[in-house]
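Could you walk me through this structure in my viewer, one selection at a time? I would like to know what to pick next and what to look for there.

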Amino acid sequence: MRIALTGASGFTGRFVAGALAQAGATCVPIEADLTNATEVERAVEEAEFDRVIHLAAKAFVNAADWKAFYTVNQLGTFHLLEAIARQRPDTRCVLASSAQVYGAGAEGLIDEDTPTNPANHYAVSKLAMEWGARRWADRLEIVATRPFNYTGIGQGTEYLIPKVVDHFRRRAPVIELGNLWVKRDFGDVRAVADAYVGLALAEDAPPQTLNIATGTVRSIDEILDVLAGLSGHRPEVRVSPAFVRANDVPVLGGDAGRLRASLPGWRPRDLADTLAWMYRKEPA
């Protein structure tokens, strides 16, 4: 099977390309400026594929250029879906949304029926993408995934876990963090890639919306403990007001029941294994 992949050169895309190869599928990268409908149309026309995994997006939530979230994540996705619907109707399109669509007020292990309440432009653009994509549901098989936090080798240090791992690898004397007691769902990019590939290749149609999550939560303190055990080093932790979020919920993770039902063979990776992989920079 030939799977078209946008965002193939990005952090997640590189692992998805590898997972496709491991599954015996052919990865067909689609490289185009999503904001240019003509360019997207041409890229889709020139590619030969059976199904699509759409990862390309404006991703870092603190970016100041909020307009790009909508031009890329929302309108760019619509350009892609329109081109696919015209040229290859009935194609399955697995779209990367985000668990951030659940937003403020969500707590515990949340499932896909939890009301959405996006709290930043990135999350709003992803929810708008989901809702807008349904307009193509009569011509395409749309699967919107909502991945929770995940990490791995190659993710930038502007993200929490790569930042912490980098401090331990450098044996930095001090690290500034936010609330250490909050518990979050932290996945492994390799398992997330396996989920995307499984959903793309599945014989039966997956649900229209589903979380990609581990179903477990870990605190920042626990992450620090694991890395201290790996490194024999522990930096001084200073809680910085710049990283403390007001009204932070104590526990926030994803219910992975729908994903597990769709992909019975899929399993998340233990966070301790992910941290060891990142700290030691072991092969994937």
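Here is a short tour of this predicted model, from the sheet to its helices and cysteines.

**The sheet.** Start by selecting the strands of the open sheet: there are 6, in the order S2-S1-S3-S4-S6-S11, and their pairing is parallel. Now colour S2 (26-30) and S11 (209-212). Each of these has a single partner strand, so one side of each is left without a neighbour in the sheet. Look across the strands and you will see the twist: neighbours are turned by 25° against each other on average, ignoring direction.

**Inside the sheet.** Next, pick S3 (residues 51-54) and S4 (residues 92-96), which pair in the parallel sense over 3 bridges. One spot to zoom in on is His 54, whose bridge partner in S4 is Leu 95.

**Helices on the sheet.** Show H1 (residues 11-22), which packs on the sheet and touches S1 (2-6), S2 and S3. The direction of H1 makes about 175° with that of S1. Then add H3 (residues 66-87), which touches S1, S3, S4 and S6 (141-147); its direction makes about 175° with that of S4.

**The S11 edge.** Move to S6 and S11, a parallel pair joined over 4 bridges. Here Arg 146 has Asn 211 of S11 as its bridge partner. In a regular strand, side chains alternate between the two faces of the sheet. Is S11 covered on one face or both? Both: Thr 209 and Asn 211 are buried on one side, and Leu 210 and Ile 212 are buried on the other.

**Helix H2.** Now select H2 (residues 37-46) and show Val 40, Glu 41, Ala 43 and Val 44, which are buried. They lie on the same side of H2, because they cover an arc of only 165° around the axis. The buried residues of H2 pack against S2 and H3. Turn to the face pointing away from that buried side and you will meet the exposed residues Thr 38, Glu 45 and Glu 46. At the start of H2, a side-chain oxygen of Asn 36 comes to within 3.1 Å of the backbone nitrogen of Thr 38.

**The cysteines.** Finish with Cys 27 and Cys 93. Why is there no bond between them? The sulfur of Cys 27 has its closest cysteine sulfur in Cys 93, at 15 Å, which is too far for a bond. A search of the whole structure finds 0 disulfides. Cys 27 is partly exposed, with a relative accessible area of 24%, whereas Cys 93 is buried, at 1%.

Methods
Residues are numbered from 1 along each chain as its sequence is written. This is a predicted model: local features need pLDDT of at least 70, side-chain atom pairs count only at pLDDT 80 or more; totals for chains, interfaces and linings use all residues. Side-chain values use heavy atoms; hydrogens and water are left out. Two strands pair if DSSP finds at least two bridges between them. Helices (H or I, at least four residues) and strands (E, at least two) are DSSP runs, numbered from the N terminus. Axes are lines fitted to C-alpha atoms, for helices over the stretch in contact, and angles run from 0 to 180 degrees between N-to-C directions. Contact means heavy atoms within 4.5 Å. A disulfide is a pair of cysteine sulfur atoms within 2.5 Å. Buried means under 20% relative accessible area, exposed over 50%, partly exposed in between (1.4 Å probe, protein chains only). The arc is that of the directions from the helix axis to the C-beta atoms. A polar contact is a pair of N or O atoms within 3.5 Å; within protein, one must be able to donate a hydrogen and the other to accept it, and residues adjacent in sequence count only if both atoms are side-chain atoms.
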